[in-house]
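Me: Could you take a close look at the largest pocket for me, and tell me what lines the pocket? Then carry on to the side-chain contacts.

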Amino acid sequence: MEQLLVEDLSSAIGTSGLVSMIVSLLCVVLSWWALQNLKLDLIIRYPKSPQGRLLHLLLAIVLGHFVAGFLLDYLGWSGQIRNMF
């Protein structure tokens, strides 16, 4: 009985980690796509240079991280509300 409980918990943690990874990657990709419309040449001297592209990638990662954090928090909160009733 205890072994089954440990396996269920391990499976739930694994599933949660996988969902978090997928949501995070999707949010970074969406952020990258959205940032394509940003005119970085107004801020950066050479936006097509390796440094400009790296900055674009880092901006997408940071923005995607914040959006994914919000979505995962929201998912957790909605699960807590569901368990309330």
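Reply: Here's a walk through the pocket, followed by the contacts. Keep in mind that this is a predicted model.

The largest pocket holds about 300 Å³ of space. It's lined by 13 residues, and those closest to its centre are Gln36, Leu40, Pro47, Lys48 and His56. As for chemistry, the lining splits into five nonpolar, four polar and four charged residues. Helix 1 (2-35) and helix 2 (50-84) each put at least two residues into that lining, with helix 2 giving the most, at three residues.

On to charged contacts: the count comes to one salt bridge. The partners are lysine 39 and aspartate 41, whose side chains meet at 3.9 Å, N to O. That makes the cut, because the limit is 4 Å between a Lys or Arg side-chain nitrogen and an Asp or Glu carboxyl oxygen. Lysine 39 has 51% relative accessibility, so it counts as exposed. Aspartate 41 comes in at 45%, so this partner is classed as partly exposed.

Now the rings. Searching the whole structure turns up one aromatic pair. In it, the ring centres of phenylalanine 70 and tyrosine 74 sit 6.1 Å apart with the planes at 35°, so the pair is tilted. Both residues belong to helix 2, four residues apart, or about one turn of the helix. Tyrosine 74 is exposed, its relative accessible area being 53%.

Methods:
Residues numbered from 1 in each chain as written. Predicted model: local features only at pLDDT ≥ 70, side-chain atom pairs only at ≥ 80, totals over all residues. Heavy atoms only, no water. Buried < 20%, exposed > 50% of the residue type's maximum accessible area, 1.4 Å probe, protein only. 1 Å grid on protein atoms, 1.4 Å probe; cavity = no way out; pocket = protein on both sides within 12 Å on 5 of 7 lines; lining within 4 Å. Points joined across faces, edges and corners; volume = space filled by probe spheres on them. Nonpolar A, V, L, I, M, F, W, Y, C, P; charged D, E, K, R; others polar. Phe/Tyr/Trp six-rings, centres within 6.5 Å; stacked < 30°, edge-to-face > 60°.
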